[in-house]
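Subject: Structure handover

Hi,

Here is the structure I promised to pass on. Have a look at it first, and then read on for what turned up when I went through it.

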Amino acid sequence: MSFGASAQPTQRVRRIGVLMGLAADDPESQARLAAFAQGLQQAGWTVGQNIRIDYRWGAGNADVMRKHAAELAASSPDVILAHSSAAVAPLLQESRTIPIVFTLVADPVGAGYVSNLARPGGNVTGFTNFEYSIGGKWLELLKEIAPNVRRVAVLRESFVASGPGQFGAIQAASHSLGVEVRPLDLRDAGEIERDITSFAQDSDGGLIVTGSPAATVHRNLIYALALRHRLPVVYNSRFYVNSGGLISYGPDFVDQFRRAAAYVDQILRGQSPSTLPVQAPVKYELAVNQKVAKALGMVIPPTVLSRADDVIE
């Protein structure tokens, strides 16, 4: 699937690769990429005139992501936009020279993608979604809305660098909060259903959904299972709450794609990614879906509602 842009009509058409961890027909994909395209256009790049964009979609499948990473690298684009660690890792296995701008990566230094945040030093730069310490805040929020929770299943992807890191931060906070945490790997729909159903057999349970393309792909299944088993769930981003999740705390992911367009623009105009500092989110949002709370038979505490940036009634 291709699009194309032109700051100067006489320029050659520049080529941008995009590797997304979501599905092509996911509304969240469309919202993020619309923001990216808008940012490019504002910078003077017009699809069909002086840029072409080649998209690849992983839909939460690690094998597909590796395949598409190899295809994009082999096509030698001018720059690649990489959505999450699930995209960055396989792309770096294919190329250490093609400029890469990432979004939604939790710890690019720890993962080895960049040497440091201020001066990345290689062919990669981009935008982090959160520090691992936010995992402790997710757990605190879960305990605040559901004080009786004693067991917490953490949905994560172990094969991407951020999966174990996010779980580790939640586990570190669990002792002082008096809860037992266990990881549940996000691989496919069947395994997600089996694992959550098994976890829900005992009482006093809750879920945390960490940053993960697979969680985004399977979010409707997670909503349905949470409702079926009456499980309170804390999500990592507001878009989950907008589409059926209970409560979330995290940054604006769409804004990251808009900001990424500015870095892609700078690289297309000659800037090296090695000199572009990795940027952190500028705002975190707390969102609550009261309709879901009522369906779960929960009452969200007034202290939480008063802090919320968005309450869906």
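Let me begin at a helix end: α8 is followed by R230, whose phi is positive, near 55°. R230 sits in the loop between α8 and β10 (233-235), and that positive phi belongs to a residue other than glycine. As background, most residues other than glycine have a negative phi. Keep in mind throughout that this is a predicted model.

L104 is another such case: its phi is positive, about 55°, although L104 is not a glycine. L104 belongs to strand β5 (residues 100-105). Is L104 buried or exposed? With a relative accessibility of 8%, L104 counts as buried, because the cut-off for that label is under 20%.

Back to α8 itself. Its buried residues include R219, L221, I222, Y223, L225 and A226. Helix α8 (219-228) is also one of the elements that the buried residues of α6 pack against, together with β7 (151-156), β8 (180-185) and β9 (205-209). On α6 (residues 189-199), the buried residues are E191, I192, I196 and F199. Looking down the α6 axis, these fall within an arc of 120°, so they line one face of the helix. At the start of α6, a side-chain oxygen of D188 comes to within 3.1 Å of the backbone nitrogen of G190.

Now for the strand I'd open first in the viewer, β2.

What makes β2 largely enclosed by the rest of the structure? Seven of the seven residues of β2 (residues 14-20) are buried, so the surroundings largely close it in. In a regular strand the side chains alternate between the two faces of the sheet. In β2, R14, I16, V18 and M20 point one way, while R15, G17 and L19 point the other way, and all are buried.

β2 has parallel partners in β3 and β4. Seven bridges link β2 to β3 (residues 51-57), and the two run parallel. Within that pairing, G17 has D54 of β3 as its bridge partner. The chain gets from β2 to β3 by way of helix α1 (residues 27-42), and this β-α-β crossover is right-handed. With β4 (residues 79-83), β2 shares four bridges, and these strands are parallel too. There, I16 has V79 as its bridge partner.

The crossover helix has a residue worth a click: S29, which is in α1. S29 is buried, with a relative accessible area of 0%. Its side chain reaches the backbone oxygen of A23 at 2.9 Å. Setting aside neighbours within four places in sequence, S29 is in contact with M20, L22, A23, A24 and W57.

On to the nonpolar packing. Which residues have the most contacts inside the largest nonpolar core? They are I16, F36 and I145, in a core of 77 residues. Helix α10 (residues 253-268) supplies the largest share of this core, eight residues. I145 touches L246, I247, M298, I300, P301 and V304, not counting residues up to four places away in sequence. There is also a second, separate core of 21 residues, which includes M65, A87, I98 and V278.

Two polar residues to finish with.

R150 is in the loop between α4 (134-145) and β7. R150 is partly exposed, at 40% relative accessible area. The side chain of R150 reaches the backbone oxygen of P147 at 2.9 Å. Beyond its neighbours within four places in sequence, R150 contacts K143, G178, V179, E180 and D204. The C-alpha atoms of R150 and Y132, 18 residues apart along the chain, are separated by 22 Å.

Y132 turns up again around Q166, a residue of helix α5 (residues 162-177). Leaving aside neighbours within four places in sequence, Q166 is in contact with Y132, as well as F130, W138, T210 and G211. Q166 is buried, with a relative accessible area of 2%. Between the C-alpha atoms of Q166 and R156, which are 10 residues apart along the chain, the separation is 7.9 Å.

That's the tour. Over to you!

Cheers

How values were computed
Residues are numbered from 1 along each chain as its sequence is written. This is a predicted model: local features need pLDDT of at least 70, side-chain atom pairs count only at pLDDT 80 or more; totals for chains, interfaces and linings use all residues. Side-chain values use heavy atoms; hydrogens and water are left out. Buried means under 20% relative accessible area, exposed over 50%, partly exposed in between (1.4 Å probe, protein chains only). Two strands pair if DSSP finds at least two bridges between them. A crossover is right-handed if, with the strands pointing away from the viewer, the path from the first strand over the helix to the second runs clockwise. A polar contact is a pair of N or O atoms within 3.5 Å; within protein, one must be able to donate a hydrogen and the other to accept it, and residues adjacent in sequence count only if both atoms are side-chain atoms. Contact means heavy atoms within 4.5 Å. A nonpolar core is a set of buried Ala, Val, Leu, Ile, Met, Phe, Trp, Tyr and Cys residues joined through side-chain atoms within 4.5 Å. The arc is that of the directions from the helix axis to the C-beta atoms.
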